[in-house]
Amino acid sequence: MRQGVLLVVAVLALLPVRVWGADSLPAPNDLTHLSLEELMNVEVTSVSKKKQKLSGSAAAIFVITQDDIRRSGVTSIPEALRMVPGLHVARLDNNKWAISARGFNSRFSNKMLVLLDGRNVYNSFFAGTIWETTDTLLEDIERIEVIRGPGGTLWGVNAVNGVINIITKHTQRTQGGLVSGLGGSEEAIVGARYGGKVGDDLSYRLFVKSLHESTEFNQAGAHDDGRILRGGFRSDWDIDAHNTLMTEGGLYSGDVGQRVRLPTLTAPAFARSVDEDVEMRGGHILLKWDRRISEGSDLSFQFFYDRFYRKETVVEMTIDTVDFELQHRVALPLNQDVVWGIGYRQWFDDFRTSFTIAPAPRSKSFRVLNGFIQDEIRLFDDEATLTVGSKISHNDFTGFEVQPSGRVLWQPVPQHAWWLAASRAVRLPSRAADNGAIVQPPNPPALTVPVRLMGNRRLGPESLIAFEAGYRLTPISELSIDVIAFYNLYDNLIDSKRIALSPLPTFQFSNNKEARTHGVEVASNLQILESWQIRGAYTYLNIDVETERGAFGFPDRDEQGSPHHQASLRSLLSLPHNVELDSWLRFVDGLPSLSVPGYWELDVRLGWRPWESLELSIAGLNLLDTHHPEMVPSFLQTQANEVQRSIYGKMVWNF
Amino acid sequence: MIRHRLPSRCVNSFCTVLLAVVMGSVVFSGGAFADSPREYQVKAAFLYHFVQFTEWPEHVFTGPDMRIRICVYGDDPFAEYLVGTFMGKMLHARRFRIQPRVSASTSHSCHVIFLNREIDATRPDVRRALQRSQALTVGEADDFLEQGGMIQFYRVEKNIRFAINPNALKRKQIRLSSKLLRLARVKSK
């Protein structure tokens with residue numbers, strides 16, 4: 001097996017090198033030695049030969065622009081993600097979110113990969129994204145690219161169901177100062193940014209953001225208010241015509257409230273509730289060097305270091321991550337575009353454990369080594385694109401993993417694009433599932449005593465084979481419709497099996513679950529007038545889960561824990577005198593197994609720009625109910641609170 | 001379910017192979033392979049000559065070593081041809097800098113802005129970008145000069161020609177040498 005993989009790597013490695021070696025004369029593309037008169041006599045061939053980017057890509061991609069963020073009136077990144085078809089976004093309490101594409105949603109949705117300016121924010125302990133720490137100044141976000149399905153990305157072993165890629169603006173585009181203030185019934189956010197230049201080639205920005213959130217609703221009272229202060233910088237340096245260096249970093253510190261149910265060994269309740277303020281601190285630094293070797297060849301190298309610290313009653317953890325990535329893109333003959341790369345990531349963690357959460361050993365380090373190669377071949381005069389590639393990784397949990405994918409895109413005319421894709425992806429077991437113990441409080445009436453879940457050092461990776469098909473229609477430039485269907489086959493999903501009944505019922509993590517999911521995702525965009533745009537999205541999802549006998553998990557939780565239907569309709573209206581009126585209607589189907597009913601919600605925003613540099617707005621979010629539940633937690637039993645109607649006013653001043 | 005826990009020797013050899021790939025590519029990938037469409041190579045060369053024959057008002061260069069910025073409006077692969085054409089060259093002891101994806105917020109520092117045929121110069125964001133800059137504007141759209149552009153490329157059969165709008169140049173106090181004016185079709189109003 002391992003010789004085989006090595007051989008594959010070696011062959012992949014040698015292939016392009018051979019080609020480069022055989023044919024490496026630079027193409028003479030500098031014609032400045034010709035005089036103007038001579039240039040006027042040069043014959044050029046067809047106009048349309050200029051390399052055109054195919055409007056389509058063979059993946060289920062949706063892009064949230066800065067304008068989408070601004071006009072939707074959202075106050076956080078997770079809220080903005082509600083507009084993406086195929087994604088389920090649910091708020092558990094003021095600071096906790098459950099976000100996943102194509103099912104299996106929970107606070108620790110472990111099949112999504114989230115990147116912030118290229119930094120992978122995947123938490124190795126929870127195997128998920130801690131959304132309360134994933135934030136930046138919303139005004140500085142350039143766009144958020146969301147790709148559902150695997151293989152849409154080149155990187156990462158955990159991008160099974162999708163990737164969320166948050167990209168901030170180049171510092172050339174954030175020159176000068178900005179102050180933004182938002183105050184309302186649910187939160188107060190103050191942000192400031194300053195962007196400047198050193199000489200001609202180095203630009204930078206600095207920002208601070210302070211977030212205060214008041215509690216959401218719960219009949220028993222909520223304890224989920226939070227305060228987070230963060231600051232950061234980014235700089236972009238054009239070293240010369242071929243080299244650029246981006247540096248980015250940040251720090252945050254804060255505390256967020258939660259009410260958590262803890263298991264105890266005292267009858268009759270075997271549980272107690274604690275109100276606490278979770279302490280969070282962290283920081284990171286990232287460097288990205290891009291080098292243009294020649295017109296058809298780019299190299300990029302990225303390094304980041306990230307520290308994550310969190311302290312709550314059940315656990316205190318420090319996780320340090322170092323990550324290196326190197327990527328090379330080269331254009332090869334016969335219309336090929338090859339990208340390949342390698343990456344290395346290592347975590348060092350340290351825990352203060354408790355009766356509830358006790359990973360073993362208390363302190364450990366893990367490595368993941370990645371390699372990938374992808375070849376994009378344009379065929380039939382650029383009408384079709386074939387993309388084949390594979391990720392190969394080695395990790396300390398499960399050894400070697402190969403994740404190939406193939407995609408084909410056919411765009412005979414610009415108005416129509418069809419694509420098909422098949423891919424394999426894996427998710428690694430989390431640190432918590434690998435070794436250690438977790439004790440869950442009783443869950444009456446089904447369970448009247450605490451339950452212990454043990455780690456399993458023999459866990460294999462969860463795997464997925466995914467089939468996707470898409471059609472993109474742009475009949476006129478004012479209308480576009482994107483329809484995507486998928487069929488996913490999951491194997492070796494991690495659930496648990498019973499291994500003992502006393503002293504406590506004890507289960508062990510185990511690869512004993514399979515699932516089949518299918519769904520349809522539609523996104524459309526209609527420009528009715530120059531000043532009026534309508535954007536719609538619809539999602540259908542169905543999940544069938546099969547668990548082996550003796551499993552602890554509830555298949556219902558997976559099957560009905562994600563909504564069957566979701567819809568979103570946004571209207572963006574520009575009125576005279578720089579006034580904008582934007583509204584957003586959403587429907588999310590119920591989650592019967594979690595006793596969460598379906599809901600409709602409406603957001604309305606009124607914005608006014610009296611001068612170019614000043615923007616004032618008022619907005620009402622979740623206007624249709626005074627409060628509504630969206631999700632309940634699965635693992636750590638924090639109290640789920642309901643999302644309240646909120647109203648706020650906001651000011652953004654550029655100077 | 002089966003674990004492949006590997007001895008570190010194997011991980012090391014995996015690293016070695018990957019390292020070899022890196023080294024190999026860095027060494028061998030010096031050459032360019034793209035068979036660049038000739039039209040844009042030619043246009044890049046034209047642009048180079050335009051710059052030689054252009055005189056900007058004194059104040060657009062804030063320092064003696066400020067570079068001459070050649071900007072490309074929006075997301076346009078033309079910037080790549082410009083890099084190949086301008087790299088390593090100098091004009092009056094000033095180096096060049098190619099700036100892709102220019103928009104209204106970054107156009108003010110450009111000396112030349114290129115706009116491809118898909119860009120409508122009457123769009124508010126484009127208009128704002130052009131108003132804010134002191135740049136020589138070069139475009140491809142058929143009505144580029146009517147919309148206030150300075151130099152427009154056009155085709156006669158398989159040859160590339162250019163036309164000039166003297167009024168637009170005068171407004172921004174940009175002077176072109178008589179050689180350019182002689183070769184261009186001049187738009188008169």
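Let me start with residues 45-55 of chain A, where the pLDDT, the predictor's confidence in each residue on a scale from 0 to 100, stays under 50 and the model has 15 contacts beyond four places in sequence, a contact meaning that the C-beta atoms of two residues, placed from the backbone, lie within 7 Å. This is a predicted model, in which local features need pLDDT of at least 70 and side-chain atom pairs count only at pLDDT 80 or more, while totals for chains, interfaces and linings use all residues. Residues are numbered from 1 along each chain as its sequence is written, and chains are lettered from A, with ligands numbered from 1, in the order in which they are written.

Chain A as a whole averages a pLDDT of 84, and 90% of its residues score at least 70. Over residues 1-28 of chain A, however, the pLDDT is below 50, although this stretch has 44 contacts in the model beyond near neighbours in sequence. Where pLDDT is low, the predicted coordinates should not be read in detail.

Turning to the strands, which are DSSP runs of at least two residues (helices, H or I, at least four), numbered from the N terminus, and which pair if DSSP finds at least two bridges between them, chain A has an open, mixed sheet of five, in the order E1-E8-E9-E4-E5. Its edge strands, each pairing on one side only, are E1 (60-65) and E5 (119-120) of chain A. Within that sheet, E8 (residues 141-148) and E9 (residues 162-168) of chain A are antiparallel over seven bridges, with Ile141(A) opposite Thr168(A) in E9(A).

In chain B, strand E5 (residues 112-115) runs parallel to E6(B) over four bridges, and Leu115(B) has Gly139(B) as its bridge partner in E6(B).
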